Amino acid sequence: MEELINFLKKVGCDERIIRNVIMSNEHVLLRSVSDLEKLVIKLQEIGLTDIVDLLDANPYILNLDAYEIDDYIKKKEDSGQRLDEIVTALESEPALFMEI
C-alpha cells in the first residue's frame, strides 16, 4: 500500500484524493505500480493533462491497462472520431472510461 500511496503522490494526488481512490476502488490495491505507471504514461501520451482530476472524478480508471486505452481509441477512430475529439470527451466526462 505504501508503494501505491507514493505513486499517487508522485502523480500529484493529495491526501484527500488518495483516500478517495483507495476507499472507492479497493481493486487498485491489487494492481502493480508498474502497470499503473504505464497507464498514466499512456493517458499523458494521448493528451490527457489533468490526471489528478480524472482520478478524483473516477478512481476506477486505475483498473485499466494501457493497452485497453489503445483499443478504445482505435475503436473510436475506426468509427470516425478524431483523437482530439476522443480525448476531449474523456476529459470532460470521466465516466466514459467505464466504457473501456
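## A look around helix α2

Among the elements covering the buried residues of α2 are α1 (2-11) and α4 (51-57). Here, covering is a matter of contact, that is, heavy atoms within 4.5 Å. The names come from DSSP runs counted from the N terminus (H or I, at least four residues, for a helix; E, at least two, for a strand).

Before going on: this is a predicted model, where local features need pLDDT of at least 70, side-chain atom pairs need 80 or more, and totals for chains, interfaces and linings use all residues. Residues are numbered from 1 along each chain as its sequence is written, and side-chain values use heavy atoms, leaving out hydrogens and water.

So which residues of α2 are buried? In this helix, residues 15-24, they are Ile 17, Ile 18, Val 21 and Ile 22. Buried means under 20% relative accessible area, exposed means over 50%, and partly exposed is in between (1.4 Å probe, protein chains only). These four sit on the same side of α2, because they cover an arc of only 130° around the axis, taken from the directions from the axis to the C-beta atoms. Turn to the other side of α2 and you'll find Glu 15 and Met 23, both exposed.

At the start of α2, Asp 14 gets involved: one of its side-chain oxygens comes to within 3.1 Å of the backbone nitrogen of Arg 16.

How do α1 and α2 pack? Their axes are 10 Å apart, at an angle of about 130°; axes are lines fitted to C-alpha atoms over the stretch in contact, with angles from 0 to 180 degrees between N-to-C directions. On the α1 side, Leu 4, Ile 5, Leu 8 and Lys 9 make the contact, and they meet Ile 18, Val 21 and Ile 22 of α2. Ile 18, Val 21 and Ile 22 are also on the list of buried residues.

Two residues in other helices are worth a look too:

| Residue | Helix | Relative accessible area | Class |
|---|---|---|---|
| Lys 42 | α3 (residues 33-45) | 15% | buried |
| Ala 89 | α6 (residues 83-92) | 27% | partly exposed |

What does Lys 42 touch? Leaving aside residues up to four places away in sequence, Lys 42 touches Ala 66, Ile 69 and Asp 70. With Asp 70, Lys 42 also shares a side-chain polar contact of 3.0 Å (a donor and an acceptor, N or O, within 3.5 Å; neighbours in sequence count only if both atoms are side-chain atoms).

As for Ala 89, its C-alpha atom is 17 Å from that of Glu 68, and the two residues are 21 residues apart along the chain.
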